Amino acid sequence: MLRAAPSRAGFPTTTRTAHRRLRQALAAAASLAATCLLAPAAWAATLDTVKQRGELQCGVSEGLFGFSEKDAQGQWSGFDVDFCRAVAGAIFDDRTKVTFVPLSASERFKALKDGRVDLLSRNSTWTLEREAGLGLTFAGITYHDGQGFLAARMLDVSSTLELDKAKICVEAGTTTQLNLSDYFRANSMTYEEMSFPSAAEALKAFEAGQCNVLTRDQSALYAERLKLAKPAEAIVLPDVISKEPLGPVTRNDDVAWSNIVQWVNFALVNAEELGISSTNLAEAQGSAKPDVRRFMGAEGGLGKMLGLGDGWAQQAVKASGNYAEMYERNLGVQSKLGIPRGLNQLWSMGGILYAPPIR
């Protein structure tokens, strides 16, 4: 029978090795436990900061009809603005507890990463580079858009394929600029690009005749057209040359906060599908339907999973209305923009708007 060689400490080598491995395993377990205990606190940092501050800081565009604009009295309105108010409503049950921070396209993501804003709700396209490359998290899609073209009527064109050799104004540093190049190259056309550091400067150049075409997301073009002294002298062409899924953005270092923003987005869509609006919340409160009761917080206890009260979803709707209310008020055919819902209709109504269930 073989015996283990004695060690200097008087214990067999195999026993000493076993003790060392046990100590290593215990240390690893302790480290993992500490990480698990600390992670929720770290993830909850943004929500805690917002609550302690007493308001949400939300980044929006510097001024885009229908999405975010400030009137002469300093009051903000628009689709993206309403989303910010819905998030504030879910947290505070008070739609006014939000400060709007206007940001240019070039500074928007840096402002978010630097902590100047808690949330970016600023007609931003969801891309791989922006999410994985910049370290951000898109909280779903609030508006399915696509890049289009605003052309001077004097060009007498009805399609983007007729824009060969056109002078085109575009905002620099955007996916719009990249899509423009791809589209013309793919269709063997040429163009003269005139890039500007801001959307306002690009529009000004278009109106001054420095270019005869302006390209942006199609929804934005409807808004920009209204800013012209003579809107009738320009036309939004029907063609869409790209996928532009627009949505709210958070930093990727706070999972709990990203979940809150994401599920407020989903709640607004689910509310429309369930028939819950800002005008019938009292009626919905007494509903016997299980999915409505979960939405209203009457059962399920789902709010605590987000670090919010059980009434968070109905509070979001109370603050801004459901998705349909937000869309029609700011962008729809009865608004000054007059944009049909199209792809932004519910999946059950011919569109592609779809949200996971709250359960």
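In this predicted model, the labels α and β stand for helices and strands, which are DSSP runs of at least four residues for a helix (H or I) and at least two for a strand (E), numbered from the N terminus.

**Figure 1. Close-up of the largest cavity, with a volume of about 170 Å³.** The structure holds two cavities of 30 Å³ or more, and this view presents the largest of them. Its lining consists of 16 residues, and those nearest the centre of the cavity are N123, E171, T174, T176 and D217. Three elements each contribute at least two lining residues: β9 (166-171), α6 (175-186) and β11 (213-217). Of the elements, β11 gives the most to this lining, namely three residues. Sorted by class, the lining of the largest cavity contains seven charged, seven polar and two nonpolar residues.

**Figure 2. Position of the largest cavity with respect to the two domains.** Where does the largest cavity lie with respect to domain 1 and domain 2? Residues of domain 1 (46-142 + 248-345) and residues of domain 2 (145-242) both take part in its lining, so the largest cavity lies between the two domains.

**Figure 3. Close-up of the second largest cavity, with a volume of about 50 Å³.** The residues that line this cavity are F67, F79, D80, S121, R122, N123, S124, T142, Y143, L246, G247 and P248. By class, they divide into five nonpolar, five polar and two charged residues. N123 is named in this lining and is also listed among the residues nearest the centre of the largest cavity.

**Figure 4. Close-up of the largest pocket, which has a volume of about 300 Å³.** The lining of this pocket is formed by 15 residues, and A152, F206, E207, G209 and E233 are the closest to its centre. The lining comprises seven nonpolar, three polar and five charged residues.

**Figure 5. Close-up of the second largest pocket, with about 260 Å³ of space.** Of its 17 lining residues, Y143, H144, D145, Q218 and I339 are the closest to the centre. The elements β7 (143-145) and α8 (218-227) are those that supply two or more residues to this lining. The lining divides into seven nonpolar, seven polar and three charged residues. Why is the second largest pocket placed between domain 1 and domain 2? Domain 1 (46-142 + 248-345) and domain 2 (145-242) both give residues to its lining, so the second largest pocket lies between them.

**Figure 6. Close-up of the crossing of helix α9 and helix α12.** Helix α9 spans residues 255-274 and helix α12 spans residues 312-320. Their axes come within 9 Å and cross at roughly 75 degrees. Angles of 65 to 115 degrees count as roughly perpendicular, and α9 and α12 are therefore roughly perpendicular to each other. On the side of α9, the contact is made by W263, V264, A267, L268 and A271, and on the side of α12 by W312, A313, A316 and V317. Which classes of residue make up the contact of α9 with α12? The contact has nine nonpolar residues, with no polar and no charged residues.

Conventions:
Residues are numbered from 1 along each chain as its sequence is written. This is a predicted model: local features need pLDDT of at least 70, side-chain atom pairs count only at pLDDT 80 or more; totals for chains, interfaces and linings use all residues. Side-chain values use heavy atoms; hydrogens and water are left out. Axes are lines fitted to C-alpha atoms, for helices over the stretch in contact, and angles run from 0 to 180 degrees between N-to-C directions. Angles under 35 degrees count as roughly parallel, over 145 as roughly antiparallel, 65 to 115 as roughly perpendicular and the rest as oblique. Contact means heavy atoms within 4.5 Å. Ala, Val, Leu, Ile, Met, Phe, Trp, Tyr, Cys and Pro count as nonpolar, Asp, Glu, Lys and Arg as charged, and the others, Gly among them, as polar. On a 1 Å grid over the protein atoms alone, a cavity is a set of points where a 1.4 Å probe fits but cannot get out, and a pocket is an open set with protein on both sides within 12 Å along at least five of seven lines; lining residues have an atom within 4 Å of a point. Grid points are joined across faces, edges and corners, and a volume is the space filled by probe spheres set on the points. Domain bounds come from an automatic or database domain assignment.
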